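Here are my notes on the model you sent over. Have it open while you read.

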Amino acid sequence: MRKISFGTDGWRGILAEDFTFDNVRLVAAAVAQYLAARGLAERGVVVGYDTRFLSERFAAAVAEVLAGRGISVFLTGRATPTPVVAFAVKLYRAGGAVMLTASHNPPEYNGFKFIPEYAGPALPHITGEIEANIRKLQEAGAEIAPPGGEKAPVTTIDPYDAYACHLATLVDMGAIGRAGLKVAVDPMYGAGTGYLEELLKQAGASVEVLHNHRDPLFGGTLPEPTAKSLGGLREAVAKGPAQLGLALDGDADRFGLVDSGGDFVTPNQFLPVLLYHLITVKGLRGPVARTVATTHLLDRMAERHGLRLVETPVGFKYVGQCLAEEGAVLGGEESGGLSVKGHVPEKDGILAGLLAAEMAAVHGKSLKELLEQVYREYGRLYSERLDVHTSPAEKERVLEVLKGFEPEALAGRKVTGRVTKDGVKLLLEGDAWVLIRPSGTEPLFRIYAEAGSAGEVKAVQADVLRQTGL
Ligand SMILES: O=P(O)(O)OC[C@H]1O[C@H](O)[C@H](O)[C@@H](O)[C@@H]1O
């Protein structure tokens, strides 16, 4: 059996291979030990799950282990988005939450996310402690049998209404209604079903919904809101009357956006437009947090407005930490995660979608028109990510190469700096950069690049491939 370990965001495993009821019970017991050691057990734990195969059964198994160890459980009565489960931690002042989900992974996966009492993704020192507990339980040959009998209650919850009220403090729902916005929503058969479309309808928008029934095979695609997977939504928006398309990933923590006409808007394009809106319309002030892989257009904007820019490794856990501890206005990442000041420090695709709708309503413009405005004020940057699949042996070789990867120039541009907070990032003259890092969720390397033209981005990536032999 492979080692149970928490990657970029939770433990993920293939169903029946690694992700078994026995292993889920083992990890739940390790979480119970962590909570007890931290004095958090008496606050109880929220348990939620997505729409994947057996997710509700795994959630019930986790609830049973926790309750059997005297920890009260707030169990969601239906599939619930990860950000809503995080919000429920605050709502019930719980000691943490367990979310059963493999997010946007292929259908044969399921997963286990732990959300500590601060209501954002668990930081490495916490998952490290849980992993150590798992090893000790395994070494002791402890059998985590269904405990047979609860020592604490399991209460069924539905945090929808409280979450909706909270979002109404962050989003101008009235503006969405007044504008009579027409929106198409694609929850990708996932846990966001019944959330984003309902909130928009309640606000008064007219909503067309796609893929809003449970399908653990996700219609044969990945529940990942990328341009490639959102063909149906793009077609729906291109056909009209919808002016905007909003998508979520399998557990609704990531967002995907389709502009009027059916064009996909990347997170690197949306984040600067949102920051502009938050600063100029909503009047928010505070630092701006982005991962090392996210657009530097945010840096230019932060500098112009006198805001501090915080760069974190990849993983919303680090972005969330900046939101929670430093009061950031916006925390975002190129893989489609964001949260804003006043919200839980967990990425939230529903909030992102509602903010996009608010912006369309308030400005009466498409996202692309707003983006053009941002480009006019701050200059334009092109960014792209290239994913390169590798075997485990190849991965080791490339990691070795990266240790000493300090070229003088890339694609004819001088290297002016080297950042190693996550993978290797080379800063190039002319406000360009490239980052090479192994994914923590998939067996591949990601090569992210940004420059003043699309051609330069491609040239820089090609030179990285050539020089590293990837
Ligand atoms: O690039 P990876 O290590 O595969 O991570 C990709 C993404 O995985 C999860 O969704 C994390 O929550 C994100 O913060 C991260 O950006």
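How much of the chain is made up of buried residues?

1. Buried residues account for 53% of the 470 in the chain; buried here means 20 or more other C-beta atoms within 10 Å of the residue's own, with C-beta atoms placed from the backbone. Bear in mind that this is a predicted model, where local features need pLDDT of at least 70, side-chain atom pairs count only at pLDDT 80 or more, and totals for chains, interfaces and linings use all residues. Numbering starts from 1 along each chain as its sequence is written.

2. On overall shape, the C-alpha atoms fit a box of roughly 65 × 55 × 40 Å along the principal axes. The radius of gyration (over C-alpha atoms) is 22 Å, which agrees with the value near 23 Å for a compact globule of 470 residues (the rule being 2.2 Å times the number of residues to the power 0.38).

3. The chain has 15 helices and 21 strands (DSSP runs: H or I of at least four residues, E of at least two). Of the contacts with a separation of 6 or more, 70% join residues 24 or more positions apart; a contact means C-beta atoms within 7 Å.

4. Have a look at H1 (residues 21-37) and H4 (residues 124-139): their axes come within 8 Å and cross at roughly 120°, with axes fitted to C-alpha atoms over the stretch in contact and angles running from 0 to 180 degrees between N-to-C directions. Leu26, Val27 and Tyr34 are among the H1 residues that meet H4, whose side includes Ile130 and Leu137. The residues of this contact divide into 9 nonpolar, 2 polar and 1 charged (Ala, Val, Leu, Ile, Met, Phe, Trp, Tyr, Cys and Pro are nonpolar; Asp, Glu, Lys and Arg charged; the others, Gly among them, polar).

Terms used
A residue is buried if 20 or more other C-beta atoms lie within 10 Å of its own, exposed if 12 or fewer, and partly exposed in between; C-beta atoms are placed from the backbone. Two residues are in contact if their C-beta atoms, placed from the backbone, lie within 7 Å.
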